[in-house]
Amino acid sequence: MRSGPAVEFRGVTFSVEHAPRPIVADLDFAIARGETLVIVGESGCGKTTTLKLINRLLLPTRGTVLVEGRATTAWDPVRLRRSIGYVIQEAGLFPHFTVEENIALVPRLDAWPEERIRHRVREMLQLVGLDSERFAARFPHELSGGQRQRVGVARALAADPPLLLLDEPFGALDPLTRAELQREFAALCRRLHKTVVFVTHDLREALLLASRIALMRDGRMQLLATPREFLRTTDEYARAYLATLRVEGFDEDRMAPSCAE
Amino acid sequence: MERLQFFAQNWPLLLRLTSEHLVLVVISTAIAALIGIPLGILLVRHPRWKDLALGIAGVLQTVPSLALFGLLIPLPLIGGIGARTATVALILYALLPIIRNTITGIEGVDRHVREAAIAMGMTPRQLLWQVELPLAMGVIMAGVRVAAVIGVGVATIAAAIGAGGLGTLIFRGLRANDDRLILAGAVPAAMMALAVDWALGRLESRLRARRPSRTFDLRAVGLAGSAALVLLLAIFSAWRFATAPTAGLTKPRLVVGSKDFTEQVILGEIIAQMLEARGVEVERRFELGGNLCHNALIAGQIDLYPEYTGTAYTAILGHPPLTDVRAVYEHVQREYLEKFDVIVGPPLGFRNDFAILVRGADARRLRLRTISDIAPYAPSWRAGFGQDFISRSDGYAGFVRAYNLRFAAPPREMDLALTYRALAAGEVDVIAGNSTDGLIAALDLVQLEDDRRYFPPYEAVMLVRRETATRIPEAREVLERLAGSISTAEMRQMNYEVDGERRSPAEVARAWRARKGF
């Protein structure tokens, strides 16, 4: 395995024409191999943009994003993306594909042998806690929201990518299902040793999953810290953010010994 | 009962026209889909051209069908008369709904799904074939369905340029004042529209249903579709070839045209039969609407057709009307040879002038004899005229000025054949018909005398391309033989035999030849 960070931002700014300020500005940080970095912040702070800069859905206006030590501009975009798992809210499953076909997507694009694909799909369904007999042939609209999200995770993991990007994957779920999936995902992270970049606006979720939390504000990095440091921060904006948790009575002991630790 | 009998007697014709119609629609819609869907995809990828392309397609669709057919005739390769031109026109009409729905369908694919597909590492091609097209297929199919249904309708007009199809019966029925013929064309056309709509609707809902991707491989469907189309085209052209007169390539070949009214068809039949009797192979391109005959003659699509000197002089050469019969003929003869390299044959013997017609009952009651006689009644009368009469320089405008007529309302502008029906039914009180029309006697109409000599002479003549006359001497011979051979009374009689007694033009022409010993 190569050494060095899995992902690195070097002076990255992304702006669009006619916007008053850059969407993200002067990002400078590295994500270590096997780490779970959770990006939090208010709507419009640049979380999703940061994520999309990693798998080259967007290219930086200034600066460089490096994946596996190589600038995203130097990667073949298709190769780069196939080596990165991607999960979005509402899963983004293909409505005309069955569960089996959705999960098999990247292996099939990479032309794996059919036998190995079938095996992998069963394995993935088991991994995310779905019975392959019952679910493989179903279409996304025949699943519940939580089941769809599990399929989304299974699809992202199918080709065994070293890096996983998740954009508010559990955002649209009811609280009980969400808590369940968060728990299972945290366990999954520990088992698989993936590098994970996870976007959410739910700080509780961040504290549960993260090895480090990145708080963004107006396109800039406000604070980058481990969950424990985050809870004791003196940064005023971060404290205001934390205050919302206190109201809900967050139990500090439940905080995860997260993936990388 | 009578209707059933009619269908029973004519079902082979009906079957042939229906299949012609269907083939026309299927081929043109399929080609339009093969052009329109890729074009739509291209426009989604290059949105800069989208408005322009949709604008052009939209404008094409607003061009009236007969006008579009007319515009296509002089064009090389795609033009001319017959099924090919009709197919081109139908394709142009079908493009808009297909392109538009392709764009709408692809743009309508859920943003998240598209983003996920790209983020999974799909190439643009994979995105298109595996995600965008399958998800847009239902909407695209709806566009094809709309195009096909429009096509069934427009294809009826295609009969005007000799493309066949069910419109042939409708046009014939309108001309001959025969409801059975109109219905025999219109009812199957309507049923075909419903059937096409239903069948493609079924296909559409199947495609809209979410189906496993592998059992529905779009690429295979596209390939199979294209292959089927090529096969269909091949069978169709083979069929056309097989049914075309093939009595030998050594025979000289000549295409006889005619305009779209009974007299023209009879004249076309007469000359066609006379040529055939002399061993010339003849192709009939009858019932061409508007000025299509002239355009087709100039373009070399037909070799010969019957024309009237007055029409040639004013409508085609653009001169102001002239009443001197001899002068008009000589002018036309000279100018046609110079301008168009077309020979004007000797006069056939009769004239088909504009005839101002009223109901016989009115004429007797009000003692009407000349056009001047109607001036006092005009303010309470309604007039109905064919498009031709309204627009030409020796038509309506000069007519009302010459006779100082004021009608209750502006004249109803309608199809010439319909004016006879409208007059007989009392919808209008005066029309401008043709003096040789068989319906004049059949419907008890009276022609009023042109006492102020307003209308220019319309002597019937045959026009033939000079090149054809040189190549096929028989054409010249027949033209000479026909000089002065048909009197106005004979022409009116033949027209009546077709329009009133419902005999076929070919049969009437044969009987006349037998009487004359031609």
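In the predicted model, L482(B) is located in helix α20 of chain B, which spans residues 473-482. The residue has 24 other C-beta atoms within 10 Å and is therefore buried, the threshold for this class being 20 or more. When neighbours within four places in sequence are set aside, L482(B) is in contact with L348(B) and M462(B). A separation of 9.8 Å is found between the C-alpha atoms of L482(B) and M274(B), although these positions lie 208 residues apart along the chain.

The largest nonpolar core comprises 220 residues, among which L90(B), I271(B), L304(B) and L463(B) touch the most other members. The greatest contribution to this core comes from helix α6 of chain B (residues 124-157), which supplies 18 residues. For L463(B), residues up to four places away in sequence not being counted, the contacts are L297(B), L304(B), Y305(B), E307(B), Y336(B), V342(B) and V344(B). L304(B) thus appears both among these contacts and among the core residues that touch the most other members.

Helix packing in chain B is illustrated by α2 (residues 50-62) and α4 (residues 83-107), whose axes come within 8 Å and cross at roughly 145°. This crossing of α2(B) and α4(B) is left-handed. On the side of α2(B), the contact is formed by K50(B), A53(B), L54(B), A57(B), G58(B), L60(B) and Q61(B); α4(B) contributes L92(B), Y93(B), L95(B), L96(B), I99(B), R100(B) and I103(B). By residue class, the contact between α2(B) and α4(B) consists of 10 nonpolar, two polar and two charged residues.

In chain A, six strands build an open sheet of mixed pairing, arranged in the order β6-β7-β8-β3-β9-β10. Strands β6 and β10 (220-225) of chain A each have a single partner strand and stand at the edges, so that one side of each lacks a neighbour in the sheet. From one strand to the next, the twist averages 15°. Within the sheet, β3 (residues 36-40) and β9 (residues 212-217) of chain A are paired in the parallel sense over four bridges, and V40(A) has L215(A) in β9(A) as its bridge partner.

The contact between the chains involves 20 residues from chain A and 18 residues from chain B. On the side of chain A that touches chain B, two or more residues are given by each of the elements α2 (77-82), β6 (84-88) and α4 (105-109) of chain A. This side of chain A is made up of 11 nonpolar, five polar and four charged residues. Strand β6 of chain A accordingly features both in the contact with chain B and at an edge of the sheet.

Methods: Residues are numbered from 1 along each chain as its sequence is written. Chains are lettered from A and ligands numbered from 1 in the order in which they are written. This is a predicted model: local features need pLDDT of at least 70, side-chain atom pairs count only at pLDDT 80 or more; totals for chains, interfaces and linings use all residues. A nonpolar core is a set of buried Ala, Val, Leu, Ile, Met, Phe, Trp, Tyr and Cys residues joined through C-beta atoms within 7 Å. A residue is buried if 20 or more other C-beta atoms lie within 10 Å of its own, exposed if 12 or fewer, and partly exposed in between; C-beta atoms are placed from the backbone. Two residues are in contact if their C-beta atoms, placed from the backbone, lie within 7 Å. Ala, Val, Leu, Ile, Met, Phe, Trp, Tyr, Cys and Pro count as nonpolar, Asp, Glu, Lys and Arg as charged, and the others, Gly among them, as polar. Axes are lines fitted to C-alpha atoms, for helices over the stretch in contact, and angles run from 0 to 180 degrees between N-to-C directions. A crossing is left-handed if the near helix is turned anticlockwise from the far one by less than a right angle, and right-handed if clockwise. Two strands pair if DSSP finds at least two bridges between them.
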